[in-house]
Amino acid sequence: MSSALDALLDLLDLERIEQDIFRGRSRSAVVPRVFGGQVAAQALVAAGRTVPEDRTAHSLHAYFLRMGDPGAPIVYTVDRIRDGRSFTTRRVVAVQHGQPIFHLSASFQTYEEGLEHQAAMPSAPTPETLPTAAEMLPRYADRFADPRMVDRMLESRAAVDLRYVDTPPFGDFGQPREPRSQVWFRTNGKLADDPLLHVCLATYVSDMTLLDSVLLAHGRGGWAVGDVVGASLDHAMWFHRPFRADEWLLYDQESPSASGGRGLGQARIYTQDGRLAITVIQEGVVRVPR
């Protein structure tokens, strides 16, 4: 296991303050605020620790309310909304400086047999044929106004092996192209056999690239380039089938709409053998600086 992954797992190992109250820390991000994927993953950890082990997460719906302060702890309070025979529902509020910064509702279910179908996995090159972040990012160092940006991006993604199928928005901007993006990802090391841990790490990664397709549609390079400003507004995920976050997952993303200073991204995450594991939808603020 890489030291970066070990640090991320430590970040997700929340401190229990009371029965349903947890405290988390933050790590540095590319932008000077708490990374949204971190808050979502930590909130899901808090919810999952109040649920019986035989119930796995099948969906989450979340809102980002305020910018998080990376220098202050985050307190997660869990409300036990419902404990039914098959489903368990939890609500989590993340608080900093006395104000809520994030709200999550998550549902968990006991395993049961049922109808089965899925959308087919799209074509994509195998991940081993694609450049790693360490190989790819330095090629675009001249695109960033901040000379430290490549190092900051490498540091923020060191726990995850994330490989772009096509040129990322910051690598080739200026001309609009099809609003679709694909990346392969997996953790940089093996994980324990804990379904909640794999779901939480997939949640963490899901916030890294989902709005890329919005940028592609308008020929924008993104937050690191500085030709747009933005932030996540809401995030929803449905976990369809078991998967491992330490094995390759294809994140197939597209943007059906942008309007009103907001952009929508939707995606499907597949295992390497073609099983549809997760559906993701996110809306974010996407504004052109004046």
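Two residues are in contact here when they have heavy atoms within 4.5 Å of each other. The model is a predicted one, where local features need pLDDT of at least 70 and side-chain atom pairs count only at pLDDT 80 or more, while totals for chains, interfaces and linings use all residues. Residues are numbered from 1 along each chain as its sequence is written, and side-chain values use heavy atoms, with hydrogens and water left out.

**Exercise 1. Work out what the overall fold looks like in numbers.**

Step 1: start with the contacts. Among those between residues at least 6 apart in sequence, 72% join residues at least 24 apart.

Step 2: list the secondary structure. The chain has six helices and twelve strands, taken as DSSP runs numbered from the N terminus (helices are H or I, at least four residues; strands are E, at least two).

Step 3: check the size. A compact globule of 290 residues would have a radius of gyration near 19 Å, and the chain agrees with its 18 Å. That radius is taken over C-alpha atoms, and the globule rule is 2.2 Å times the number of residues to the power 0.38. Along the principal axes, the C-alpha atoms fill a box of roughly 55 × 45 × 40 Å.

Step 4: look at burial. Of the 290 residues, 50% count as buried (under 20% relative accessible area; exposed is over 50%, partly exposed in between, with a 1.4 Å probe and protein chains only).

**Exercise 2. Find which side of α1 and of α4 faces inward, and what covers it.**

Step 1: take α1 (residues 3–12). Its buried residues are Ala4, Leu5, Leu8, Leu9, Leu11 and Leu12. Down the axis of α1 they fall within an arc of 155 degrees, so they line one face of the helix. The arc is that of the directions from the helix axis to the C-beta atoms. The cover over these residues includes α2 (36–48), β8 and α5.

Step 2: do likewise for α4 (residues 149–156). Here Met149, Val150, Met153 and Ser156 are buried. Their arc is only 135 degrees around the axis, which puts them on the same side of α4. Their cover includes α5 (195–206).

**Exercise 3. Locate the empty space, closed and open.**

Step 1: set the rule. On a 1 Å grid over the protein atoms alone, a cavity is a set of points where a 1.4 Å probe fits but cannot get out; a pocket is an open set with protein on both sides within 12 Å along at least five of seven lines; lining residues have an atom within 4 Å of a point. Grid points are joined across faces, edges and corners, and a volume is the space filled by probe spheres set on the points.

Step 2: go for the cavity. There is one of 30 Å³ or more, and the largest cavity holds about 40 Å³. Its lining includes Tyr164, Asp166 and Arg177. Strand β8 (residues 180–187) gives the most to this lining, with three residues.

Step 3: turn to the largest pocket, at about 1,100 Å³. Of its 31 lining residues, Thr56, Ala57, Tyr111, Phe239 and His240 are the closest to its centre. The elements giving two or more residues to the lining are β3 (55–64), β6 (99–110), α5 and β9 (229–239).

**Exercise 4. Place Pro73.**

Step 1: Pro73 sits in the loop between β3 and β4 (74–83).

Step 2: with a relative accessible area of 46%, Pro73 is partly exposed.

Step 3: leaving aside neighbours within four places in sequence, Pro73 is in contact with Arg23, Gly24, Val95 and Gln96.
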